[in-house]
Amino acid sequence: YFNVFGPRQDPSSQYAAVVPNFITAALKKVRPTVYGDGEQTRDFCYIDNTVAANLLAAETPTRLSGEVINIACAERISLNQLLSHISEESGFRLSPHYVPKRAGDVRDSLASIDLARTLIGYEPKVLAREGLRRTFAAFKAMYDA
């Protein structure tokens, strides 16, 4: 699974991903921390795609014993682009606090989902931008409650 995100992620968890952290920063109107220059890229995958892929794998008539496949959207999005998208959703311009990159961080990540398409018929139904819209709306509803 590549960079799965969605409405129920806990932004305060030590394992929290960048999406809930950035959304929470937008809702609180604070500067998010970005490790590195923000141009590093990730392949963000909305949770509905992950669930659909698991169901496809469970229901496929193809024998999958030992197969390893990537589940993602096959979209490369920089952290700066992610900040821009979340800024648009929130109406608040996120001005990140850039700090040195963390040791061992991968610069760019983009999944090939060709094998997932071939073996289980996987195709992402919710691309990252729409997933961000849905996730932001869910976080906002919880924040406003």
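## Close-up views of a predicted model

**Figure 1. Cysteine 45 is a buried residue.** Its relative accessibility is 0%, so cysteine 45 counts as buried. The model is a predicted one. Cysteine 73 has a relative accessibility of 5%, so cysteine 73 is also counted as buried.

**Figure 2. The structure holds 0 disulfides.** Cysteine 45 takes part in no disulfide. Its nearest cysteine sulfur belongs to cysteine 73, 4.6 Å away. Cysteine 73 is likewise in no disulfide. For cysteine 73, the nearest cysteine sulfur is that of cysteine 45. A disulfide requires the two sulfur atoms to be within 2.5 Å. How far away is the sulfur of cysteine 73 from that of cysteine 45? The distance is 4.6 Å.

**Figure 3. The whole protein contains 5 helices and 6 strands.** Follow the chain along the sequence and the pattern reads β-α-β-β-β-α-β-α-β-α-α. The C-alpha trace spans about 50 × 35 × 25 Å along its principal axes. The radius of gyration is 16 Å. A compact globule of 145 residues would have a value near 15 Å, so the two agree.

**Figure 4. Surface and interior share the 145 residues of the protein.** Buried residues make up 37% of them. The accessible surface comes to about 8400 Å². Carbon and sulfur atoms account for 52% of that surface. Now take the contacts between residues at least 6 apart in sequence. Of these, 88% join residues at least 24 apart.

**Figure 5. Helix H1 is mostly covered.** H1 runs over residues 18–28. How many of the 11 residues of H1 are buried? The count is 8. They are Val19, Pro20, Phe22, Ile23, Thr24, Ala25, Ala26 and Leu27. Their cover includes strand S1 (4–5), along with S2, H3 and H5. After H1 comes lysine 29. The phi of lysine 29 is positive, near 60 degrees.

**Figure 6. Helix H3 has the span expected for its number of residues.** H3 covers residues 79–90, which makes 12 residues. At 1.5 Å a residue, H3 should span 16 Å. Its end C-alpha atoms are 16 Å apart, so the model agrees with the expected value. The residue that follows H3 is glycine 91. Glycine 91 has a positive phi, near 75 degrees.

**Figure 7. The buried residues of H3 are Leu79, Leu82, Leu83, Ile86 and Ser87.** Why do they line one face of the helix? Seen down the axis of H3, they fall within an arc of 140 degrees, so they line one face. What covers these residues? The cover includes helix H1 (18–28) and helix H5 (128–144). Strand S2 (33–35) and strand S5 (77–78) are also among the covering elements.

**Figure 8. Serine 87 lies in helix H3.** Is serine 87 buried or exposed? Serine 87 has a relative accessible area of 13%, so it is buried. The cut-off for buried is under 20%. Leave aside residues up to four places away in sequence, and serine 87 touches Phe92, Arg93 and Leu94.

Technical notes
Residues are numbered from 1 along each chain as its sequence is written. This is a predicted model: local features need pLDDT of at least 70, side-chain atom pairs count only at pLDDT 80 or more; totals for chains, interfaces and linings use all residues. Side-chain values use heavy atoms; hydrogens and water are left out. Helices (H or I, at least four residues) and strands (E, at least two) are DSSP runs, numbered from the N terminus. The expected span of a helix is 1.5 Å times one less than its number of residues. Buried means under 20% relative accessible area, exposed over 50%, partly exposed in between (1.4 Å probe, protein chains only). The arc is that of the directions from the helix axis to the C-beta atoms. Contact means heavy atoms within 4.5 Å. The radius of gyration is taken over C-alpha atoms; the globule rule is 2.2 Å times the number of residues to the power 0.38. Accessible areas come from the Shrake-Rupley method with a 1.4 Å probe; for residues, only the protein chains shown count as cover.
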